[in-house]
Amino acid sequence: MGRPRLSVVIASTRPTRIGHHVADWVLARVPDDLDVTVHDLRELDLPFLDEPGQPADGNYAHEHTRRWSAAMLATDALVLVMPEYNRGYNAALKNAVDYLYAEWEGLPVACVGYGWHGASYAKSALRQTLERVKMVVVDGPGLSFDDTLTLDGVVGAGPEEEAALATMFDGLLAAARAPLDR
Ligand SMILES: Cc1cc2nc3c(=O)[nH]c(=O)nc-3n(C[C@H](O)[C@H](O)[C@H](O)COP(=O)(O)O)c2cc1C
C-alpha cells in the first residue's frame, strides 16, 4: 500500500500574493508519511465556472475541469492555504470548489488561513461550503498579521500555531482513506 497522498492548494492568485510563503511554511512541516503535491490556483487558471452541466452530474465538457477533477480524485487529503478577503475567502477558491462535486465527498480537508485575526471570518465561511459538499473538515491553524505573519509574508509562527499545524496533519492522516479506490 502506498503512502497517503496530500494535496496542498495555494488559493490566492494575486500577482503580489504572499500565499506561497504561507504554503512553504506548511510544506516544510508535512509529515514524511504523506506523499505531497502542490496545486497552485494561479497556475491552474480555471475560468469562472463555464461548465454547461451541473457539477453534481459529473459530465464535464471542458478539459480544464477534467484535469482538476482528476487531480482531486488522485488525492486522499487536502490542505487549503487561503487568505481572507472582505471577511470571506477568495473567489478563485470558491470557483475551484464549485467546479466539482462528487470528488469532494468524504475527502478530508483542512484550511490554513491567514489575514487579520487568523482569517477567522474566511475560515468559518469556507467551513460552510466544505460541509455542503460533504468534505470531512479538520481544524487547521490561522496566521495573523502583526502576530505570526508579516504583511510581506514572513511566517513567525509560535508554539501554538506549530502545534495546531501538527494536530491538523494528525487529523488529516487519521481521516484519510487508505489510498483509495477514488
Ligand atoms: C480584496 C482584499 C480584501 C481584503 N480583506 C481582508 C479582510 O477582510 N480581512 C483580513 O484579515 N484581511 C483582508 N485583506 C488583507 C489580506 O489578508 C492580505 O492582503 C493578504 O496578503 C492576502 O493574501 P495574498 O497576498 O496571498 O493574496 C484583504 C486583501 C485584499 C486584496
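## Exercises on the ligand site, the pockets and the cavity

An oxygen atom of the ligand lies 2.6 Å from an N or O atom in the side chain of Tyr114, and the protein buries 75% of the 610 Å² that the ligand exposes when taken alone. The model behind these exercises is predicted, and the values in the solutions are computed from it.

**Exercise 1. Work out which polar contacts the ligand makes through its oxygen atoms with Ile18, Gly19 and Tyr114, and say for each residue whether backbone or side chain takes part.**

Step 1. For a pair of N or O atoms to count as a polar contact, the two atoms must lie within 3.5 Å of each other.

Step 2. Tyr114 uses its side chain, in which an N or O atom is 2.6 Å from an oxygen atom of the ligand.

Step 3. Ile18 instead uses its backbone, with an N or O atom 2.9 Å from a ligand oxygen, and the backbone of Gly19 likewise places an N or O atom 3.0 Å from an oxygen atom of the ligand.

**Exercise 2. Describe the shell of residues around the ligand by its members, its secondary structure and its chemical classes.**

Step 1. The shell holds 14 residues, and those that come nearest to the ligand are Ser12, Arg14, Tyr85, Tyr114 and Trp116.

Step 2. Two elements give two or more residues to this shell, namely strand E3 (77-85) and strand E5 (108-115), and E3 provides the largest share with 3 residues.

Step 3. Sorted by class, the shell has 6 nonpolar, 4 polar and 4 charged residues.

**Exercise 3. Locate the ligand among the pockets of the structure, and characterise the pocket in which the ligand sits.**

Step 1. The ligand sits in the largest pocket, whose volume is about 260 Å³.

Step 2. This pocket is lined by 17 residues, and Glu84, Tyr85, Tyr114, Gly115 and Phe145 are the ones that lie nearest its centre.

Step 3. At least two residues of the lining come from each of E3 and E5, with E3 giving the largest share, 3 residues.

Step 4. In the lining of the largest pocket, 8 residues are nonpolar, 5 are polar and 4 are charged.

**Exercise 4. Characterise the second largest pocket in terms of volume, lining and contributing helices.**

Step 1. The second largest pocket has a volume of about 160 Å³.

Step 2. Its lining includes Thr13, Arg42, Asp45, Phe48 and Asn95, and by class the lining divides into 8 nonpolar, 2 polar and 2 charged residues.

Step 3. Helix H2 (41-44) and helix H4 (91-98) each supply at least two of the lining residues, and the largest share, 4 residues, comes from H4.

**Exercise 5. Determine how many cavities of 30 Å³ or more a search of the whole structure finds, and state the chemical character of the lining of the largest cavity.**

Step 1. The search finds 1 cavity of 30 Å³ or more, and the volume of the largest cavity is about 50 Å³.

Step 2. Its lining consists of Val9, Leu41, Trp68, Leu78, Leu80, Leu93, Ala96, Val97, Trp104, Leu130 and Met135, to which E3 and H4 are the elements that give two or more residues.

Step 3. H4 gives the most to this lining, with 3 residues.

Step 4. When the lining of the largest cavity is sorted by class, there are 11 nonpolar residues, and neither polar nor charged residues appear.

Technical notes: Residues are numbered from 1 along each chain as its sequence is written. This is a predicted model: local features need pLDDT of at least 70, side-chain atom pairs count only at pLDDT 80 or more; totals for chains, interfaces and linings use all residues. Side-chain values use heavy atoms; hydrogens and water are left out. A residue is near a molecule or strand if one of its heavy atoms lies within 4 Å of it. A polar contact is a pair of N or O atoms within 3.5 Å; within protein, one must be able to donate a hydrogen and the other to accept it, and residues adjacent in sequence count only if both atoms are side-chain atoms. Accessible areas come from the Shrake-Rupley method with a 1.4 Å probe; for residues, only the protein chains shown count as cover. On a 1 Å grid over the protein atoms alone, a cavity is a set of points where a 1.4 Å probe fits but cannot get out, and a pocket is an open set with protein on both sides within 12 Å along at least five of seven lines; lining residues have an atom within 4 Å of a point. A molecule sits in a cavity or pocket if more than half of its atoms lie within 2 Å of its grid points. Ala, Val, Leu, Ile, Met, Phe, Trp, Tyr, Cys and Pro count as nonpolar, Asp, Glu, Lys and Arg as charged, and the others, Gly among them, as polar. Grid points are joined across faces, edges and corners, and a volume is the space filled by probe spheres set on the points.
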